[in-house]
Amino acid sequence: MRSCFAILFWGLFHLYNQPIYSQNQDTSRVFFPKQYGTKKWRPIIGFDAYRSFYSGAPVKFNGLRFGIEYKGVHRFGFGFYGLKKDLIFTDLLVESPYSTDTSQVKFKLNYSAFFYERVFYKTKRWEISIPIYLGGGGLNGFVEGADGIFYKYLATSFSLLNTGINAKYYLLTWLAPRIGTGFRFTFNTEKNLRKAFNGPYYTFGISILVGELYKVMFKSKPESKHG
């Protein structure tokens with residue numbers, strides 16, 4: 001299983017770098033450009049919000065990702081994500097000496113991932129890219145006892161692979177809301193978690209170009225000349 005995902009990751013990486021169609025970077029539209037803009041390296045930071053499902057229940061993830069951008073079309077770095085609020089089930093039976101017929105079951109989940117993102121369509125305002133995330137995290141389960149206290153009954157780890165497509169619109173040179181959709185695969189974990197967590201997702205967030213923001217905030221104004 002690990003080798004299959006490694007091959008997939010390697011193949012996608014090389015696919016994203018193949019110039020299917022391109023024009024000069026100064027034209028209004030480019031597909032799979034080798035470079036866009038004049039900056040070779042610049043830092044990136046973004047707030048992520050994911051929406052998905054876990055065992056049929058809607059879940060919300062909040063996250064933060066940061067890294068660097070190369071030639072305006074390659075981005076890579078790390079992202080950190082966690083559930084916005086705990087998942088609570090009222091009709092889930094678990095094996096625990098603390099559980100009762102009326103016990104609530106609560107889950108906490110978080111993960112971190114390395115990401116690589118390739119821009120394949122770019123204009124002055126619009127951008128479409130293909131991201132891929134590879135990482136891992138942990139799931140903890142708690143069951144409510146007869147005394148009202150939640151006791152841990154489950155602790156397991158998992159690996160994941162996310163891939164999809166993102167669209168971004170630049171409101172300002174340094175600020176760009178984005179939306180996207182994709183599919184999440186989990187592996188190296190128990191069967192029930194894979195069955196519950198594998199599936200489609202949609203996402204939205206805000207990308208902040210730190211270097212561009214710095215220039216806007218601190219660039220010096222040209223001195224006026226007199227007589």
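Modeller: Start with a term. A cavity is a set of grid points where a 1.4 Å probe fits but cannot get out, and its lining residues have an atom within 4 Å of a point. The model we discuss is predicted.

Colleague: Which elements make up the secondary structure of the chain, and how many are there of each kind?

Modeller: From the N terminus, the order runs α-β-β-β-β-β-β-β-β-β-α-β-α. Counting by kind, the chain has 3 helices and 10 strands.

Colleague: What share of the residues of the chain counts as buried?

Modeller: A residue is buried when its relative accessible area is under 20%. The chain has 227 residues, and the share that passes as buried is 43%.

Colleague: How many cavities of 30 Å³ or more are there, and how much space lies in the largest cavity?

Modeller: The count comes to 1 cavity of 30 Å³ or more. The space in the largest cavity is about 70 Å³.

Colleague: Which residues line the largest cavity, and which elements each supply at least two of them?

Modeller: The lining consists of Ile44, Ile45, Gly46, Arg65, Glu69, Arg75, Lys168, Ser207, Ile208 and Leu209. By class, that is 4 nonpolar, 2 polar and 4 charged residues. The elements that each supply at least two are β2, β3 and β10 (199–209).

Colleague: Take Gly46 from that lining. Is Gly46 buried or exposed?

Modeller: Gly46 sits in strand β2. Its C-alpha atom is 5.9 Å from that of Leu64, a residue 18 positions away along the chain. The relative accessibility of Gly46 is 2%, and the limit is under 20%, so Gly46 counts as buried.

Colleague: What does Ile45 count as, by its relative accessibility?

Modeller: Ile45 also has its place in strand β2. Its relative accessibility is 31%. Buried needs under 20% and exposed needs over 50%. Ile45 therefore counts as partly exposed.

Colleague: Ile45 also belongs to a nonpolar surface patch. Which elements give two or more residues to the nonpolar patch?

Modeller: The patch covers about 690 Å² and is made by Ile45, Phe47, Leu64, Phe66, Phe78, Phe80, Phe114 and Val210. The elements with two or more residues in it are β2 (41–54), β3 (57–70) and β4 (74–83).

Colleague: Now the pockets. Which residues that line the largest pocket are the closest to its centre, and which elements give two or more residues to the lining?

Modeller: The largest pocket holds about 460 Å³ of space. Its lining has 21 residues, and those closest to the centre are Tyr36, Arg42, Lys124, Thr173 and Glu212. The elements that give two or more residues are β2 and α3 (210–218).

Colleague: How many residues of each class are in the lining of the largest pocket?

Modeller: Arg42 and Glu212 are among the residues closest to the centre of this pocket. Both Arg and Glu count as charged. By class, the lining has 6 nonpolar, 5 polar and 10 charged residues.

Colleague: Which element gives the most to the lining of the second largest pocket?

Modeller: This pocket has a volume of about 280 Å³. Among its 13 lining residues, Tyr54, Phe107, Tyr153, Glu190 and Asn192 are closest to the centre. The lining divides into 10 nonpolar, 2 polar and 1 charged. β8 (150–169) and α2 (191–197) each supply at least two residues, and the element giving the most, with 3 residues, is α2.

Colleague: Why does the salt bridge of Arg42 and Glu212 tie together parts far along the sequence, and how many residues apart are they?

Modeller: The side chains of Arg42 and Glu212 meet at 3.3 Å, N to O. Arg42 lies in strand β2 and Glu212 in helix α3, so the parts they tie together are apart in sequence by 170 residues.

Colleague: Are Arg42 and Glu212 buried or exposed?

Modeller: Arg42 has a relative accessible area of 18%. Glu212 has a relative accessibility of 14%. The limit is under 20%, so Arg42 and Glu212 both count as buried.

Colleague: Which strands hold Arg75 and Glu127?

Modeller: Arg75 is buried at 2% relative accessibility, and Glu127 is buried at 1%. They form a salt bridge with the closest N and O atoms 2.8 Å apart. The pair is 52 residues apart, and the strands are β4 for Arg75 and β7 (residues 126–144) for Glu127.

Colleague: Which residues do salt bridges that share partners join into one network?

Modeller: The structure holds 11 salt bridges. Glu127 also meets Lys122, at 3.0 Å, N to O. The one network joins Arg42, Arg65, Glu69, Arg75, Glu117, Lys122, Glu127, Lys168, Glu212 and Lys215.

Methods. Residues are numbered from 1 along each chain as its sequence is written. This is a predicted model: local features need pLDDT of at least 70, side-chain atom pairs count only at pLDDT 80 or more; totals for chains, interfaces and linings use all residues. Side-chain values use heavy atoms; hydrogens and water are left out. Patches are made of residues with over 30% relative accessible area and no salt bridge: like charges are joined within 9 Å, nonpolar side chains (Val, Leu, Ile, Met, Phe, Trp, Tyr) within 5 Å. Accessible areas come from the Shrake-Rupley method with a 1.4 Å probe; for residues, only the protein chains shown count as cover. A salt bridge is a side-chain nitrogen of Lys or Arg within 4 Å of a carboxyl oxygen of Asp or Glu. Helices (H or I, at least four residues) and strands (E, at least two) are DSSP runs, numbered from the N terminus. Buried means under 20% relative accessible area, exposed over 50%, partly exposed in between (1.4 Å probe, protein chains only). On a 1 Å grid over the protein atoms alone, a cavity is a set of points where a 1.4 Å probe fits but cannot get out, and a pocket is an open set with protein on both sides within 12 Å along at least five of seven lines; lining residues have an atom within 4 Å of a point. Grid points are joined across faces, edges and corners, and a volume is the space filled by probe spheres set on the points.
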